[in-house]
Amino acid sequence: MIHRRHLLASAASLAALPLTARAQGQPPRILVGFPAGGSVDTTARRLAEFCRGKLADAVIVEQKVGAGGRIAISALKDAAPDGQTLLVSPSSMFTIYPHAYRKLAYNPATDAIPVAPLALSTCGFGVGPMVPASVKTLAQFADWVKANPDKGAYASPAAGAMPHFLGNQFERAAGLKLTHAAYRGAAPGMQDLMGGQIASGCFSIGDFLPHLPTGRVRLLGVTDKARSRFAPDTPTFEEQGFKGIVGVESYGLFVPPKTPQATVDKLADLARAAVREPSVIEALAKLGFEPLTLPPADYAKRLAAERDYWGPVVMASGFSSDD
């Protein structure tokens, strides 16, 4: 329940946000490091819609696509700390990439200020028509791969992304040899999975949801500590005996370094109000996202803890890149 006092306080904070963009003729912009139409872009656009009339008369979403989201973060790092340039990004860019990429063009701890999380997304591991319909669990898939080692491969949306390392964790826990196939986003990987070109894939659960009713893909496990409400019949990795394979991506709002705390706090109020809006909650649910709210300091602590967690996981995988 949201108390009336809190709503009034939030409304007062939102009203106090400076509309400097109107005076300057430049609307605030939300940077996105991934292509239009994807989950990150969709989340940013729903936030932008909510912000219109509250942050400024218009709020635009600007694509800075490339390098797995890193170009957008570099653009944020160099932007003026005036509250007019924001970023919506998955947490991996700040928690996993520092361990996976040896030449990162930004410092994840200092070159972007976490304002607020917007949503959480668990990952799922699924199979396509290459794998017999009798395979219904992770253990059965492991047995099938051992019997068909030439077909043991899994897709992910990108090298160095969270699904890449979750698949690697499963590979090692099950004693398998799985070839990792890194795609340029989830859509082409899911297409090959459904087409039978690759046996399995690890993606955000939202990437699976539209395709599950077709029967062309089957979800074998999810990577949260509890089952997802979007796929309640699919057990977690831990339920199936694969302990410690847990990965939940947060999608958050960030601002440039040196942004005044007052501006950060006001934007955090706006983000919190956005993810409590029924239309935004509905839009997030279509992506398989759960809304999440945290104060800026708590979100920064969450990201720092996740960064510590993923270090040993990435190291154990043996993956690193100069790209």
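In this predicted model, the largest pocket holds about 1300 Å³ of space. Of the 50 residues that line this pocket, those closest to its centre are Phe34, Pro157, Arg184, Gly185 and Ala186. The lining draws on many elements of secondary structure, and at least two residues each are supplied by the helices α3, α5 (92-95), α8 (162-173), α9 (186-195) and α10 (205-208), as well as by the strands β4 (113-127), β7 (200-204) and β9 (248-255). Among these contributors, α9 provides the largest share, which amounts to five residues. When the lining of the largest pocket is sorted by class, 28 residues are nonpolar, 15 are polar and seven are charged.

The second largest pocket encloses about 220 Å³ of space. Its lining consists of Met162, Asp224, Lys225, Gly244, Val246, Gly247, Val248, Arg302, Glu306, Tyr309 and Trp310. Helix α13, which spans residues 296-317, gives the most to this lining, with four residues. By class, the lining of the second largest pocket comprises five nonpolar, two polar and four charged residues.

Closed spaces were considered next. Rolling a probe the size of a water molecule over the atoms shows where empty space is left. In the whole structure, the search finds one cavity of 30 Å³ or more, and the space within the largest cavity is about 60 Å³. This cavity is lined by Thr43, Arg46, Leu47, Leu118, Ala274, Val275, Val280 and Leu284. Both α3 and α12 (278-286) supply at least two residues of the lining, and α3 gives the most, with three residues. The lining of the largest cavity divides into six nonpolar residues, one polar residue and one charged residue.

Helix α3, which contributes to the lining of the largest pocket and to that of the largest cavity, also packs against another helix. Two packed helices are described by the angle between their axes and the distance between the axes. For α3 (residues 39-51) and α11 (residues 261-274), the angle is about 105° and the axes lie 10 Å apart. Because angles of 65 to 115 degrees count as roughly perpendicular, α3 is roughly perpendicular to α11. On the α3 side, the contact is made by Leu47, Phe50 and Cys51, and on the α11 side by Leu270, Ala273 and Ala274. The residues of this contact comprise six that are nonpolar, with no polar and no charged residues. Two residues of the contact, Leu47 of α3 and Ala274 of α11, also appear in the lining of the largest cavity.

Technical notes. Residues are numbered from 1 along each chain as its sequence is written. This is a predicted model: local features need pLDDT of at least 70, side-chain atom pairs count only at pLDDT 80 or more; totals for chains, interfaces and linings use all residues. Side-chain values use heavy atoms; hydrogens and water are left out. Axes are lines fitted to C-alpha atoms, for helices over the stretch in contact, and angles run from 0 to 180 degrees between N-to-C directions. Angles under 35 degrees count as roughly parallel, over 145 as roughly antiparallel, 65 to 115 as roughly perpendicular and the rest as oblique. Contact means heavy atoms within 4.5 Å. Ala, Val, Leu, Ile, Met, Phe, Trp, Tyr, Cys and Pro count as nonpolar, Asp, Glu, Lys and Arg as charged, and the others, Gly among them, as polar. On a 1 Å grid over the protein atoms alone, a cavity is a set of points where a 1.4 Å probe fits but cannot get out, and a pocket is an open set with protein on both sides within 12 Å along at least five of seven lines; lining residues have an atom within 4 Å of a point. Grid points are joined across faces, edges and corners, and a volume is the space filled by probe spheres set on the points.
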